[in-house]
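User: Please take a close look at one part of this protein, the open sheet and whatever packs around it. Keep it brisk.

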Amino acid sequence: MKKIITYVVSVTMGIMASSEAVTVVLDFNDPTQGTTERTNKRGDTIDTFDIRSYGFDDTAANRTALTNRILEEVKADFHFDIGQVTGNSAMNGKRLDINFVIGDAGVAPSNGDSEYYVVQIGTGDGAFGVAVDSSIRRADGSAGYYQGDSSVGPPTTPGGDLVVFNHGDAVPNGAIVSSVYASNLVIQLYSTDRGDIERVTNLFSGTISHEVGHALSLKHLDFSKAHTKVNGKGSIMATGLPRFEWRYDRHFTLAGTDEDGDATNPIDQLQTALGVTNITQVPEPSSLLCLFAGLGIFTLYRKR
Ligand SMILES: [Zn+2]
């Protein structure tokens with residue numbers, strides 16, 4: 001009986017444990033958050049994410065549908081089966097050890113992970129997106145750090161406290177490590193794709209995953225040089241990607257050349273930076289009940 005209890009406890013723990021992974025919170029700055037501009041460490045500010053410019057009526061239902069779809073696509077970008085993609089059978093059933101949830105800057109993530117960072121999505125100035133390089137993890141898997149200097153800023157944490165960052169300083173938990181500018185990204189959308197949730201999702205998920213890739217130490221991939229695509233998909237980290245590729249799902253690539261002309265393998269580098277975990281199916285509550293019901297029956301049977 002003790003063995004059975006041990007078994008059930010360990011199985012249950014395995015199911016319940018939210019892993020020790022890092023979580024990235026996607027903060028879509030919605031109208032109810034007002035026009036408050038929030039600033040990340042680079043001094044980038046952001047305002048409301050306006051889904052009307054993407055062809056959707058600004059309703060709560062549309063907003064939820066679109067942002068959840070984007071969340072699922074970003075997860076898919078990172079939670080692929082490494083064994084299948086790399087051909088290394090030892091990695092079958094393994095994925096990168098990182099989680100994503102929708103949430104708000106300054107609020108702990110809903111999945112209970114204790115280490116988390118924020119990507120904010122909304123109206124802003126500048127590029128399609130920005131990220132603080134290696135702010136979540138360095139290429140060797142060590143803790144992220146701030147590579148800029150105190151002249152960039154004034155930097156703030158989500159709570160609004162002024163913090164001066166110097167080269168090599170640790171990045172505080174909960175920090176905003178990337179901004180994605182929906183207001184600029186819209187120019188990559190074909191007019192015929194307005195209101196097309198799949199196309200709009202690809203536009204955002206590819207850009208968000210690109211910026212998170214930078215925060216995990218990845219440099220740009222030189223699209224003009226040979227690189228090993230996965231399933232024929234465009235590269236998430238590419239620079240110079242043709243506009244039409246932004247309409248489709250993109251993927252991290254295997255071997256290629258980075259923007260400095262050095263050999264790179266983004267998928268290998270992400271494995272080193274993040275580590276891996278098992279791909280597990282989270283059981284529905286009903287199947288958990290079945291497990292316990294089954295145990296009860298089994299225990300009764302054993303007692304006879
Ligand atoms: Zn980039």
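Analyst: Of the 304 residues in this predicted model, 36% are buried. The protein has seven helices and 15 strands. Contacts often span long stretches of sequence: among those between residues at least 6 apart, 68% join residues at least 24 apart.

Now the sheet. It is open and has five strands, in the order 5-1-6-8-7. The pairing is mixed. Strand 5 (98-102) and strand 7 (129-131) form the edges, each pairing on one side only. On average, neighbouring strands are turned by 20 degrees against each other, direction ignored.

Start at the strand 5 edge. Strand 1 (residues 22-28) runs parallel to strand 5, and five bridges join the two. Within this pairing, valine 24 of strand 1 has phenylalanine 100 in strand 5 as its bridge partner.

Helices come next. Helix 2 (residues 60-78) lies across strand 1 and strand 5. Its direction is at about 175 degrees to strand 5. Helix 5 (residues 197-215) also packs on the sheet. Helix 5 touches strand 1, strand 6 (116-122), strand 7 and strand 8 (176-181). With strand 8, the direction of helix 5 makes about 150 degrees. Strand 1 is thus a contact of both helix 2 and helix 5.

What does the packing enclose? In soluble globular proteins, nonpolar side chains tend to be buried together. Here the largest nonpolar core has 50 residues. Val24, Leu26, Val119 and Val177 touch the most other members. Several sheet strands give two or more residues to this core: strand 1, strand 5, strand 6 and strand 8. Helix 2, helix 4 (182-185), helix 5 and helix 6 do so as well. Helix 5 gives the largest share, six residues.

Valine 119 merits a closer look. Leaving aside neighbours within four places in sequence, valine 119 is in contact with Val24, Leu26 and Asp27. Val177, Ser178 and Val180 are also in contact with valine 119. Ile208, Glu211 and Val212 complete its list. By position, the first three lie in strand 1 (residues 22-28), while the last three lie in helix 5 (residues 197-215).

One more contributor remains: helix 6 (residues 266-274). Its buried residues are Pro266, Gln269, Leu270, Gln271, Ala273 and Leu274. Glycine 275 follows helix 6, with a positive phi near 80 degrees.

Key. Residues are numbered from 1 along each chain as its sequence is written. This is a predicted model: local features need pLDDT of at least 70, side-chain atom pairs count only at pLDDT 80 or more; totals for chains, interfaces and linings use all residues. Two strands pair if DSSP finds at least two bridges between them. Helices (H or I, at least four residues) and strands (E, at least two) are DSSP runs, numbered from the N terminus. Axes are lines fitted to C-alpha atoms, for helices over the stretch in contact, and angles run from 0 to 180 degrees between N-to-C directions. Two residues are in contact if their C-beta atoms, placed from the backbone, lie within 7 Å. A residue is buried if 20 or more other C-beta atoms lie within 10 Å of its own, exposed if 12 or fewer, and partly exposed in between; C-beta atoms are placed from the backbone. A nonpolar core is a set of buried Ala, Val, Leu, Ile, Met, Phe, Trp, Tyr and Cys residues joined through C-beta atoms within 7 Å.
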